[in-house]
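Thanks for making time this morning. I would like to walk you through one model, going from single helices out to the whole chain and back to a few individual residues.

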Amino acid sequence: MTEPRPRSDPPPVDGTGPQEAIVLRDVLRSPGYLKLLAFCGLIGIPVSLAAFWFLVLLHELEHVLWADLPQALGWDAPPWWWPLPLLLIAGTVVGLVVAHLPGAGGHVPAAGLHAGGTPPAFLPGIVIAALASLPLGAVLGPEAPLIALGGGLAVLLRNLSQAPTTPQGTALLGAAGAAAAIAAIFGNPLIAAVLLIEVAGVGGPQLFAVMVPSLLSSGIGSLVFTGLGRWTGLSTGDLSLGSALPEPHLDVGDVLWALAIAVVLALVLHPVLTWARAVAVYITGRPLVRTVLCALGAAACAALYALITGRSPVEVASSGQDAVAGLATDPHSWGIGALLAVLLFKGVAYTLCLGSLRGGPIFPVLFLGAAAGVLLSPLPGLGVVPGFAAGMAAALAAVMRLPVSSVVLVTLVLGTSAMMPVVILAAVVSFVVSELLPSHGHAEKAEKTVAGAP
């Protein structure tokens with residue numbers, strides 16, 4: 001029988017936990033790490049300023065091209081053919097950047113997001129390609145160029161200061177710069193940190209293996225507590241400050257339909273990524289001509305949508321960031337025909353832009369998920385808000401394969417935690433179904449080609 005260890009003695013270091021704590025303290029105490037931490041804090045200032053003005057420039061250009069210019073020419077709204085010349089210009093400029101500038105304008109959007117560390121020599125091409133794509137009607141968002149811009153500026157500032165260069169330091173600086181930049185578009189540093197952790201793959205597959213069950217369990221637990229609180233009228237207390245606005249409540253039908261929506265959107269969006277990567281492979285043969293053809297294909301989708309529905313072509317030829325807000329504010333202004341049309345035409349245009357132009361994949365798929373949720377909301381037992389929330393979470397998780405970031409981002413967009421259980425369940429189910437779906441041979445080839453892009 002062993003003698004009991006006195007309470008004053010420290011616990012034995014016989015597991016990974018205490019040992020990792022010791023390693024962490026050693027890292028935090030090292031002068032090199034503290035200097036790097038201070039430098040990361042300082043570079044957040046110029047990177048955030050650059051990201052802010054970059055977003056302002058994108059917004060102003062988009063407003064001039066899609067609102068001011070048509071009105072100056074005598075139209076109250078852009079005519080149906082308006083996307084054709086704009087996206088012709090976009091495809092030409094991006095094709096020239098891909099063919100002639102270092103870095104080929106950044107990562108192909110079909111490859112997903114990539115953590116910082118962008119070589120500074122790539123920055124001119126990335127900025128030009130983003131300015132040519134996003135304001136002129138590419139069905140993409142600004143998050144990928146922002147990540148590249150933030151990471152590249154951080155490395156550039158490190159080089160200008162003649163600070164010591166190490167692979168680990170470059171990776172940390174790139175991630176810090178990317179986080180500072182991405183916080184500008186989402187308006188929240190938390191989503192920037194969570195997104196970069198998942199994008200960088202910290203912890204590898206083991207992290208996802210632990211994280212997904214925990215996320216699912218927390219969502220189910222939240223549903224149980226929500227249900228018990230409503231049934232009994234009792235409260236356990238929480239840290240929420242609450243809201244002055246009434247929040248929608250979840251019912252059993254909302255939960256069951258959210259699971260079905262997650263499966264359907266995962267099945268529908270899986271081939272979208274496959275085709276987008278096939279488009280990226282197609283582009284590599286003759287980047288200028290084929291980028292122009294894909295951009296014109298996206299423009300044709302927007303023009304056909306406007307001709308068929310009588311609505312603005314900008315609802316297809318845009319990131320969807322503003323359209324999501326309009327859809328949430330007045331979902332009944334969209335008829336079933338308009339929702340079906342925007343899902344079809346924006347989905348095709350999104351596929352073409354993912355493989356050819358430059359930008360990020362997040363905002364268009366958020367809109368597609370929201371539109372799908374609103375379209376399905378008349379189903380018995382499904383409310384508009386739960387359908388809206390489940391659709392966004394499922395679509396984002398299916399395309400990005402980042403379940404935690406999907407939950408945090410959709411909750412941030414909704415502005416309330418009332419829908420979080422449905423958001424979690426939809427994101428987890430969609431993520432798992434997407435990961436389990438088989439990849440075809442040409443899809444694997446496309447993925448290798450896209451992953452090898454600068």
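Right after helix α15 comes G415, and its phi is positive, near 75°. Before I go on, please keep in mind that this is a predicted model, in which local features need pLDDT of at least 70 and side-chain atom pairs count only at pLDDT 80 or more, while totals for chains, interfaces and linings use all residues. Residues are numbered from 1 along each chain as its sequence is written, and side-chain values use heavy atoms, with hydrogens and water left out.

Back to α15, then, which covers residues 403-414; its twelve residues reach 17 Å from the first C-alpha to the last, close to the 16 Å expected at 1.5 Å a residue, where the expected span is 1.5 Å times one less than the number of residues. When I say helix, I mean a DSSP run of H or I with at least four residues, whereas a strand is a run of E with at least two, and both are numbered from the N terminus. The buried residues of α15 are P403, V404, S405, S406, V407, L409, V410 and T411, with buried meaning under 20% relative accessible area, exposed over 50%, and partly exposed in between, for a 1.4 Å probe and protein chains only.

Helix α10, residues 287-309, can be described in a similar way. Its 23 residues should span 33 Å at 1.5 Å a residue, and the end C-alpha atoms are indeed 33 Å apart, so the two values agree. Among its buried residues are P287, T291, V292, C294 and Y305, and what covers the buried residues of α10 includes α3, α9 and α12. G310 follows α10, again with a positive phi near 75°.

Stepping back to the whole protein, there are 17 helices and zero strands, and 46% of the 454 residues count as buried. If we take contacts, meaning heavy atoms within 4.5 Å, with a separation of 6 or more, then 79% of them are between residues 24 or more positions apart. The exposed area is about 21400 Å², of which carbon and sulfur atoms supply 69%; these areas come from the Shrake-Rupley method with a 1.4 Å probe, and for residues only the protein chains shown count as cover.

Which residues of the largest nonpolar core touch the most other members? They are I182, F186, L327 and I362, in a core of 111 residues, where a nonpolar core is a set of buried Ala, Val, Leu, Ile, Met, Phe, Trp, Tyr and Cys residues joined through side-chain atoms within 4.5 Å. The largest share of this core, twelve residues, comes from helix α14, residues 384-400. Leaving aside neighbours within four places in sequence, L327 is in contact with W334, L339, F367, A370, A371, V374 and F388.

Helix α14 also holds G387, which counts as buried at 0% relative accessibility. Not counting residues up to four places away in sequence, G387 touches I261, G373 and L382.

The salt bridges come next, defined as a side-chain nitrogen of Lys or Arg within 4 Å of a carboxyl oxygen of Asp or Glu, and by this rule the count comes to two. One joins the side chains of R311 and E315 at 3.0 Å, N to O; R311 is partly exposed at 23% relative accessibility, whereas E315 is buried at 14%. The side chains of R401 and E435 also meet in a salt bridge, at 3.3 Å, N to O. Because R401 lies in the loop between α14 and α15 and E435 in helix α16, that pair ties together parts that are 34 residues apart in sequence. E435 is partly exposed, with a relative accessible area of 43%.

R401 has another feature to look at, a positive phi of about 60° although it is not a glycine. Most residues other than glycine have a negative phi. A104 likewise has a positive phi, near 55°; this residue lies in the loop between α3 and α4 and is buried, with a relative accessible area of 12%.

I will finish with S434, in helix α16, residues 420-436, which counts as buried at 2% relative accessibility. Its side chain reaches the backbone oxygen of S430 at 2.8 Å. Apart from neighbours within four places in sequence, S434 is in contact with A266, H270, A398 and R401, and with R401 we are back at the salt bridge to E435.

Conventions: A polar contact is a pair of N or O atoms within 3.5 Å; within protein, one must be able to donate a hydrogen and the other to accept it, and residues adjacent in sequence count only if both atoms are side-chain atoms.
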